[in-house]
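Welcome! Take a moment to look over the sequence and turn the structure around on your screen. The notes below will guide you through one chain and its partner.

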Amino acid sequence: MSEDAGSGSNSLQGRGLDSGCRQPFASTSRNGAVPEHQQRRLAGGQGRQRPLEAANEGGDGEEEESEEEPGQGSERAEPDGNHTDRRMLRHQYRQLINRVQQNREDMLSSKSNSLTDALQEANKLFSGVSQAREAALDAQFLVLASNLGKEKANELHSEMTVFDSPAFAEDLLTFMGLNRLEGEENDSDDESIASGFLPNNAWHKLGAEAERYFRRSPSFHYMLGSFKADPPVPRQRIERQKRKAGTEEKRAMPAQLKKMEESHQEATEKEVERILGLLQTYFKDDPNIPISFFDFVIDPSSFARTVENIFHVSFIIRDGFARIKLDQDKLPVIEPSHEEEGRENDQNAQVRNQAVISLSHQDWKDIVETFEITEPMIPPPGISQENESKYLSEDFFTVQSIYFFYVFERIVEKLLTMLV
Amino acid sequence: MAQKRRGKGPGPSQGEDPAGDEDYALTQSASQVRRNLERLSPAQVDQKVSELVQYLLVKDQKKIPIKRADILKNVIKDYRGVYSEIIKRAGRTLQQVFGLQLMEIDPKHHIYILVSILPRLEVDNLKQDDCTAKLGLLTVILSFLFMKGNAAKESAVWETLRRLRVDPGVRHEVFGDVKKLVTEEFVRQKYLEYNRIPHTDPPEFEFQWGARAAKETSKMQILRFVAKIQNKDPKAWSTQYTEAAAEEAAAGGLFQDISTPGDTGGASQGARRRTR
């Protein structure tokens with residue numbers, strides 16, 4: 001290149017062609033000035049001396065800015081640059097990049113020149129760049145700016161009738177049946193959300209219209225839906241009926257374990273009820289005299305039975321149907337509680353006290369002797385009952401299970417007596 | 001038929017397809033296929049054809065394109081030798097019985113979709129469900145994309161949708177997770193393409209029409225939709241109109257299409273052979 005010898009204007013022109021691709025970004029107010037700036041970039045790290053000379057030589061007055069920067073020469077002189085200056089420069093670059101990124105929409109708008117301004121500012125900054133680090137930032141900015149420029153250009157080459165997407169959105173809303181409320185004002189044009197009430201089927205309505213422009217294959221589905229609905233319902237009924245028949249059968253046939261376990265549970269409850277009934281009967285006879293606890297529960301012939309009785313009575317107490325108190329002699333007595341005192345299980349009104357009664361075999365014997373208990377007040381089940389018919393109608397299993405339990409207890413008892 | 005077929009002549013099994021030996025069975029010549037066909041009883045082949053038809057219909061429910069690999073694995077199995085014949089017959093059945101066409105939207109990866117070939121009725125569709133609403137949303141997006149030059153950045157799309165009270169950050173009462181719907185479901189169904197714009201950090205994405213959209217509708221159709229909504233003549237947007245007409249002309253003649261609402265009987269709309 002012959003710029004060294006040539007006049008400034010020649011070199012300007014020559015360079016101008018090189019950087020012709022960057023023309024679109026130039027603002028028209030600076031004729032030919034921009035190529036000059038960009039040439040500096042092209043020249044890059046190489047022939048920096050030349051453009052500077054050319055600029056100084058040019059002296060057309062177009063290059064005010066370049067001539068205003070005497071710092072170039074001094075920076076050239078110090079290849080390392082001033083650290084603070086460089087930091088400042090990087091900071092400025094970053095600020096510029098941030099600004100461009102934040103104000104993207106503004107940059108893209110065809111009405112504003114802000115992109116050009118940003119470019120010019122970058123140009124200014126570039127003149128202070130001497131090291132690769134700042135140059136990298138500059139390059140980053142350039143990529144950003146050129147992307148924006150491309151987008152801007154894209155928008156320019158659009159239609160003669162510009163597609164106005166806000167208007168499209170408004171029309172869509174109208175189509176969907178937006179109910180614009182009266183009295184509400186859209187104060188500014190910037191308001192992007194229209195006011196009003198959009199009905200629930202808005203999108204369906206739009207979709208129905210859109211369907212007509214598509215050749216969608218209809219989704220395959222069974223007309224009558226899936227099979228799930230019907231079978232479970234009759235099946236339940238069948239089950240219930242079967243179960244009823246089953247229980248009757250089971251009553252007739254003794255040898256089934258399942259029923260035995262169930263009746264075990266029932267047995268306890270029934271026992272509790274029975275004992276409660278007994279207690280109330282006894283108390284009816286003597287309403288004022290509470291029954292001695294031990295008289296009530298002890299069975300002189302069987303320790304096991306006694307323990308069972310205590311167990312059952314404890315349920316009655318827990319449920320609040322009866323109370324245990326200590327009388328004058330500090331002996332426990334039991335009496336049914338009256339109705340107004342409440343009988344629900346989950347009543348918190350009643351004060352609950354808990355006690356642990358321990359009764360050893362020896363104690364039991366002693367009590368039998370002391371209290372001279374000869375007969376149990378709670379007859380063992382199966383021996384004498386008032387509602388015999390009720391008992392017969394129950395499962396034989398209850399009987400069998402209790403008998404089994406009874407036998408077991410007898411064995412335990414025998415063992416205990418042997419130990420004692 | 002504009003349906004692309006596999007298996008006629010040596011196929012492009014130059015390592016593009018994942019299953020190499022599967023391709024070998026498929027790339028048999030027509031005469032080889034015929035020979036394989038003779039070995040099987042007609043009942044067997046018919047059975048396979050029916051199975052394939054049912055399979056395609058069910059798979060199409062979710063509108064996710066059907067892969068050839070799945071077809072081979074689940075339906076064809078041992079009948080690979082006559083794959084091309086089975087596909088051909090299934091396609092014919094679908095056309096004649098259901099009015100659907102089996103189209104291959106991606107010749108490289110062999111993905112199929114079903115498209116209706118029956119003319120649309122002017123009557124309102126009775127069945128309106130979630131799919132209808134989603135289609136509405138999709139159409140808005142497709143319209144926006146087309147009118148803005150066939151592609152748009154994700155941010156621009158969301159900006160437009162916000163005006164319609166659809167916000168990606170907010171759970172929509174009809175669509176639920178809208179962002180997922182648009183960027184995942186529609187993309188999986190091949191209605192939209194969601195591509196990353198290079199050199200952007202943080203990464204940005206742009207939308208384009210997907211292959212299925214190109215087949216199920218056309219630029220002209222979408223332009224008409226926009227025109228209907230805005231109550232204008234499609235020709236009002238000259239650039240877009242020219243583009244749409246060009247697409248029609250390029251594809252026209254290959255497929256006689258149905259009349260569409262508002263069509264004044266101009267050029268026949270051809271199969272959407274999408275070229276970019």
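Two residues are in contact here when heavy atoms lie within 4.5 Å. By that rule, 66 residues of chain B are in contact with 45 residues of chain A. Keep in mind as you read that this is a predicted model.

**Chain B as a whole**
- Chain B has 11 helices and 6 strands.
- Of its 276 residues, 50% count as buried.
- Among the contacts in chain B with a separation of 6 or more, 57% are between residues 24 or more positions apart.
- The area that chain B exposes is about 13300 Å², and carbon and sulfur atoms supply 50% of it.

**Where chain B meets chain A**
- Together, chain B and chain A bury about 5200 Å², with 59% of this on carbon and sulfur atoms.
- The two chains are linked by 2 salt bridges.
- In the salt bridge between Glu151(A) and Lys153(B), the closest N and O atoms are 3.2 Å apart.
- There are also 11 residue pairs in polar contact across this interface, both residues being at pLDDT 80 or more.
- Several elements of chain B supply at least two residues each to the side that touches chain A, including strand 2 (100–106), strand 3 (111–116) and helix 6 (130–147).
- Helix 6 of chain B gives the largest share of that side, 14 residues.
- The residues on that side of chain B divide into 29 nonpolar, 16 polar and 21 charged.

**A look at helix 4 of chain B**
- Helix 4 covers residues 68–76, and its buried residues include Ile71(B), Leu72(B), Val75(B) and Ile76(B).
- Arg68(B) and Asp70(B) in helix 4 are buried too.
- Just after helix 4 comes Lys77(B), with a positive phi near 50 degrees.

Technical notes: Residues are numbered from 1 along each chain as its sequence is written. Chains are lettered from A and ligands numbered from 1 in the order in which they are written. This is a predicted model: local features need pLDDT of at least 70, side-chain atom pairs count only at pLDDT 80 or more; totals for chains, interfaces and linings use all residues. Side-chain values use heavy atoms; hydrogens and water are left out. Buried means under 20% relative accessible area, exposed over 50%, partly exposed in between (1.4 Å probe, protein chains only). Helices (H or I, at least four residues) and strands (E, at least two) are DSSP runs, numbered from the N terminus. Accessible areas come from the Shrake-Rupley method with a 1.4 Å probe; for residues, only the protein chains shown count as cover. Buried area is the accessible area (1.4 Å probe) that two parts lose on being put together, summed over both. A salt bridge is a side-chain nitrogen of Lys or Arg within 4 Å of a carboxyl oxygen of Asp or Glu. A polar contact is a pair of N or O atoms within 3.5 Å; within protein, one must be able to donate a hydrogen and the other to accept it, and residues adjacent in sequence count only if both atoms are side-chain atoms. Ala, Val, Leu, Ile, Met, Phe, Trp, Tyr, Cys and Pro count as nonpolar, Asp, Glu, Lys and Arg as charged, and the others, Gly among them, as polar.
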